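Work through the exercises below with the sequence and the coordinates open. Try each task before reading its solution.

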Amino acid sequence: MRILVDANVPGAEACFGPLGELVRMPGREIDAAALCDIDALVIRSITRLDAATLDTAGAQGMRLRFVGTCTIGTDHVDRAALARHGIAFASAPGCNAEAVVDYVLGSLLTLAERQGWRLSERRVGIVGVGNVGGRLLARLSAMGIACLACDPPRAEVEGLEGFETLETLIGECDVLCLHTPLVREGPHATHHLLDARRIAELAPGTLLLNAGRGDCIDGQALRQRLAGQGDISAVLDVWEGEPAIDPALRDLAQIATPHIAGYSLDGKLRGTYQIYAALYQHLGLPRRLGLADLLPPPPLPRLRLQGGLDPDEALRCCLRAVYDVRRDHDSLRRESRRRGMAQGFDACRANYPLRRELSTLTVELGDGAQALAPWLQGAGLSLA
Ligand SMILES: NC(=O)c1ccc[n+]([C@@H]2O[C@H](COP(=O)([O-])OP(=O)(O)OC[C@H]3O[C@@H](n4cnc5c(N)ncnc54)[C@H](O)[C@@H]3O)[C@@H](O)[C@H]2O)c1
Ligand SMILES: O=C(O)[C@H](O)[C@H](O)COP(=O)(O)O
């Protein structure tokens, strides 16, 4: 059996090596020709598998029978075309959701520090309350932070209680976090969900964060609002036109990162493992590995806090000990200036440094720090 795996999929040798010949390729280079002499394909979100690519490969005698994407998002794959060619498909729901929540908390605490506000005093609107948004809602609520949730597809099925409209969130929240998939058609389409009209409605002082998909925001309208009035802030991890993103928007965003919100080692290995499990099931083979076999111990397992820090400062210390979002902002700026936008964007992702999730850190609370326990635990830290 021949398996083609994106070069940016960790744990691939252990998971897929025993099945046969493993071929590695940069995800953006996987095209119809690459699909012709393989039996299984393991990708990430940068490989576009559209009908034209599959039809071209099909006409050349493709024998591909399984495609797995080690990602949450699936908008890069035409699932109907895969089905038409008789190819099984699996994705990795929720695999890196905790990492995205770490990213959101780190970004909010960084802007709180720069702009002089406290996280506990903000009201946060969450748009898209699935694996990512749901975990964000759970962590912020456990910290006692006021949240409003907007998820019309869920509200339709579960009832309106607990859900607000996007207009309410825009009118009432200081922070708006977008965690929606990219859906181009239908009653709940998310393409330009934040369009020019909604961007104009954001109150001065609003912080807009997008870690869903770039096309969920009209980037040109956001750039105009940031450049013109300069009275709102943006944290952007995802962009229209990746990897050749708009340099002006990058410069105007308070935090600008190269689609790495979910890039913890834990999240990536969970994704690999979910696809490993799906492929073995597809082949009717028993699994020999557990996720714990893939995950190394964290480099920083424990930290001790004494009294004296306020809650935001204490959480910032713990978060930055594990993951500092400012590093990713700086590396996008540096690499895109050095190599050009598209190559710099991809270089940051291909050479991404080791990052673990917040939950891998256990915090000991010393004298005077005990009162921080609910806040830190709510944020996702383990307490000794
Ligand atoms: N930046 C990153 O690194 C990163 C990492 C993981 C996921 N993502 C993106 O985030 C998206 C969400 O991830 P998830 O794991 O929470 O997915 P999910 O499918 O578990 O949840 C998505 C939620 O969005 C809701 N939704 C759909 N249309 C909506 C609309 N018009 N308005 C409001 N809500 C709507 C759905 O009902 C669902 O509850 C993914 O599809 C992916 O594109 C990005
Ligand atoms: O959908 C996802 O899971 C994320 O967007 C994913 O982490 C993005 O990483 P990529 O697949 O682009 O390497």
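The exercises cover two ligand shells, a nonpolar core, two helices, some backbone angles and one annotated domain. The model is a predicted one.

**Exercise 1. The shell of ligand 1**

Task: Find which residues come nearest to ligand 1, and which elements give two or more residues to its shell.

Solution:
1. The shell around ligand 1 holds 34 residues. The nearest are G73, G130, N131, P181 and G262.
2. Now map the shell onto secondary structure. The elements that give two or more residues are α4 (97–115), α5 (131–142) and α6 (152–158).
3. Sort by class. The shell has 16 nonpolar, 14 polar and 4 charged residues.

**Exercise 2. The shell of ligand 2**

Task: List the residues around ligand 2 and give their classes.

Solution:
1. The residues are N8, R44, S45, I46, T71, I72, G73, N96, H259 and G262.
2. By class, 2 are nonpolar, 7 are polar and 1 is charged.
3. Look back at ligand 1. G73 and G262 are among its nearest residues, and both G73 and G262 are also listed around ligand 2.

**Exercise 3. The core and α4**

Task: Identify the residues with the most contacts inside the largest nonpolar core, then examine the helix that gives the most to this core.

Solution:
1. The largest nonpolar core has 111 residues. V42, V104, L176, C177 and L209 have the most contacts inside it.
2. Take L209. Beyond its neighbours within four places in sequence, L209 is in contact with V104, S107, V175, L176, C177, L178 and V235.
3. Turn to the helix. α4 gives the most to the core, with 11 residues.
4. Check its burial. Of the 19 residues of α4, 16 are buried, so the helix is largely enclosed by the rest of the structure.
5. Check its length. α4 reaches 27 Å from first to last C-alpha, close to the expected 27 Å.
6. Check what comes next. G116 follows α4, with a positive phi near 75 degrees.

As background, nonpolar side chains in soluble globular proteins tend to be buried together.

**Exercise 4. What covers α5**

Task: Name the buried residues of α5 and say what covers them.

Solution:
1. V132, G133, L136, L137, R139 and L140 are buried in α5.
2. Their cover includes α4, β6 (123–127), β7 (146–150), β8 (175–178) and α16 (373–379).
3. α5 has 12 residues and reaches 17 Å from its first C-alpha to its last, close to the 16 Å expected.
4. G144 follows α5, and its phi is positive, near 85 degrees.

**Exercise 5. Backbone angles**

Task: Locate H192, H259 and P243, and classify each histidine as buried, partly exposed or exposed.

Solution:
1. Start from the general rule. Most residues other than glycine have a negative phi, and most peptide bonds are trans.
2. H192 has a positive phi near 50 degrees. H192 lies in the loop between β8 and α8 (196–201).
3. Count neighbours. H192 has 17 other C-beta atoms within 10 Å, so it is partly exposed.
4. H259 has a positive phi near 55 degrees. H259 lies in the loop between β11 (255–256) and α11 (265–283).
5. H259 has 24 C-beta neighbours inside 10 Å, so it counts as buried.
6. The peptide bond from E242 to P243 is cis, with omega near 5 degrees. P243 sits in the loop between β10 (233–236) and α10 (247–252).

**Exercise 6. An annotated segment**

Task: Describe the chain over residues 294–370.

Solution:
1. An unreviewed UniProt entry lists these residues as "domain: Erythronate-4-phosphate dehydrogenase dimerisation".
2. Over residues 294–370 the chain is 49% helix and 10% strand.
3. The end C-alpha atoms of this segment are 35 Å apart.

Notes. Residues numbered from 1 in each chain as written. Chains lettered and ligands numbered in written order. Predicted model: local features only at pLDDT ≥ 70, side-chain atom pairs only at ≥ 80, totals over all residues. Near = placed C-beta within 6 Å. Helix = DSSP H or I, 4+ residues; strand = E, 2+ residues; numbered from the N terminus. Nonpolar A, V, L, I, M, F, W, Y, C, P; charged D, E, K, R; others polar. UniProt positions renumbered as here; feature names shortened; annotations may be inferred. Core = buried A, V, L, I, M, F, W, Y, C linked by C-beta atoms within 7 Å. Buried ≥ 20, exposed ≤ 12 C-beta atoms within 10 Å, placed from the backbone. Contact = placed C-beta atoms within 7 Å. Expected span 1.5 Å × (residues − 1).
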